[in-house]
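I opened this notebook to record how two helices pack and where certain residues lie. My entries follow in the order of looking things up.

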Amino acid sequence: MRPLLMLPEMLTFGIGLLVLIGGSFLSRQRQWWARIVAAAALTGVVVVAAVGIAAPDQTAFDGAFAVDTTTAVARITAAIGVLAVLALAGDDIAATSRESETYALLLFSTAGVMVLAGTDDLLVLATGYLLASIPLYGLIGLSRSGPAAEAAVKTYLIGALFGITLLLGVTVLYGISGATRYHELAAQLRGAPAAVVATGLVAVVAGLMFEAGGVPAHFWVPDAAQGANGVAAVYLTTVPKIGALIALYRVAAVVPHTVAWPLLIAIFAVASMTLGNLAAYGQQDPRRLLGWSTVSQVGYLLVPVTVAGRSELALPSLLFYLLAYTLTNSAAFAVSTALPDWRDLSAYRGLARARPWLAGALVVALLGLVGTPPTSVFVAKLTTAIAVWDGGFPWLAVVVFLNSLLSLVYYLRWIAPVFQKPQMSDDFIPGGWSARAAIVAAALSLGLGIAAGPLWEVLPTTPLR
């Protein structure tokens, strides 16, 4: 049955409802059952999506949703990202009053991310955006503190503004084409006025930038990463990007060449990576530093979108980068969650001597975010640079290299104290679940970079059309 082609999305959302309702009948000490159920559902999503990779490309709901290899990879990456988040929850929110609600919000938003990744219709794009965005406000605000409340309000206001912007873009594109399906848009927009098409495209791209956390809708990300609890911070800086950037790639692939959309997206990319790097320089709070790092990483992730349809490396490099970034960023945040009271870079002095495995995970994650070989992000950055060089944007490959070099400075500001003289007591014990998650995620990030070849063969070169 064609509706079952969206089984991962339905399973994720349905289990979210089950967790939300069932959690109200569990005591605080037994809320871990909700985490087990959520983890089991996400494991099922990974299995179903992995099986789907071997199936032929199809569409569901009269062509509104693409069930192709790109969607399957997005489902797997999103599920892995949330599984990492659930591992951190064992330390961060276990036995709290809002534990099951947190898992429900994570699953609802993840269902929206999967819808965004597979949408082949403007109306479904808007629906996926709302489903992925609205739970974020609750996730950030569940941490009852002044910074979390401020971050939640800021996220809500910016999300509402750019949500309206996205709907404006959808309205404009529909108004001049009379179509919402992407394959119909591709035909109808060729004869439309270029200025109007550009207006609609700019609005859609700006709206998706809120979900991705990039310029010009990035203002909420550092505040949310700093003010929210560790579970929310890891999630909002990783998983939403998967749906937003794949959705943007699909939209870019149907825009006619009468509009200079590659240059437009290149401008967004350069602005995000440069502003994120510059703003990260003066940060002392490790989570806020990672928040600005997230903004810069969006810039790198936008690079292959600029050559959508112009280079066979564009789509596989984007998908590989999303998986690599999800693992690497999760590892870095997991270290900060294992050490929740260390909210200054200088607090990490002596970590290498006291807890060498945790320090090793942090170093691998931070150098991975720079793009140091042989980590997976290095492979991702290298292939994205080759893709844009191939696609006629060699200057953008140079910008990627320069920004990666600049980012090394502020990551080293965090790494340096790790190897300095210890200042911690001998009874220092980091959170068990978070520490293990950091080590595993860092190892997977490193292993993915070393064994990138076999995975690369699975990745598609073009989305379903």
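I first noted the convention for handedness: a crossing is right-handed if the near helix is turned clockwise from the far one by less than a right angle, and left-handed if anticlockwise. The model is predicted, so I noted that local features need pLDDT of at least 70 and side-chain atom pairs 80 or more, while totals for chains, interfaces and linings use all residues. Residues are numbered from 1 along each chain as its sequence is written, and side-chain values use heavy atoms, without hydrogens or water.

**Helix pair.** I looked up α11 (residues 239-252) and α13 (residues 286-302); helices are DSSP runs of H or I, at least four residues, numbered from the N terminus. Their axes, lines fitted to C-alpha atoms over the stretch in contact, with angles from 0 to 180 degrees between N-to-C directions, come within 11 Å and cross at roughly 30°. The two helices are therefore roughly parallel, a term for angles under 35 degrees. I recorded the crossing of α11 past α13 as right-handed.

**Contact residues.** With contact meaning heavy atoms within 4.5 Å, I found K241, L245 and L248 of α11 meeting T294, V298, L301 and L302 of α13.

**M209.** I listed its contacts beyond four places in sequence, which include L245, L248, V298 and L302.

**S376.** I located S376 in helix α17 (residues 376-390). S376 counts as buried, at 0% relative accessibility; buried means under 20% relative accessible area, with a 1.4 Å probe and protein chains only. Beyond four places in sequence, S376 touches residues including F320, A324 and S445.

Key
Parallel < 35°, antiparallel > 145°, perpendicular 65-115°, else oblique. Buried < 20%, exposed > 50% of the residue type's maximum accessible area, 1.4 Å probe, protein only.
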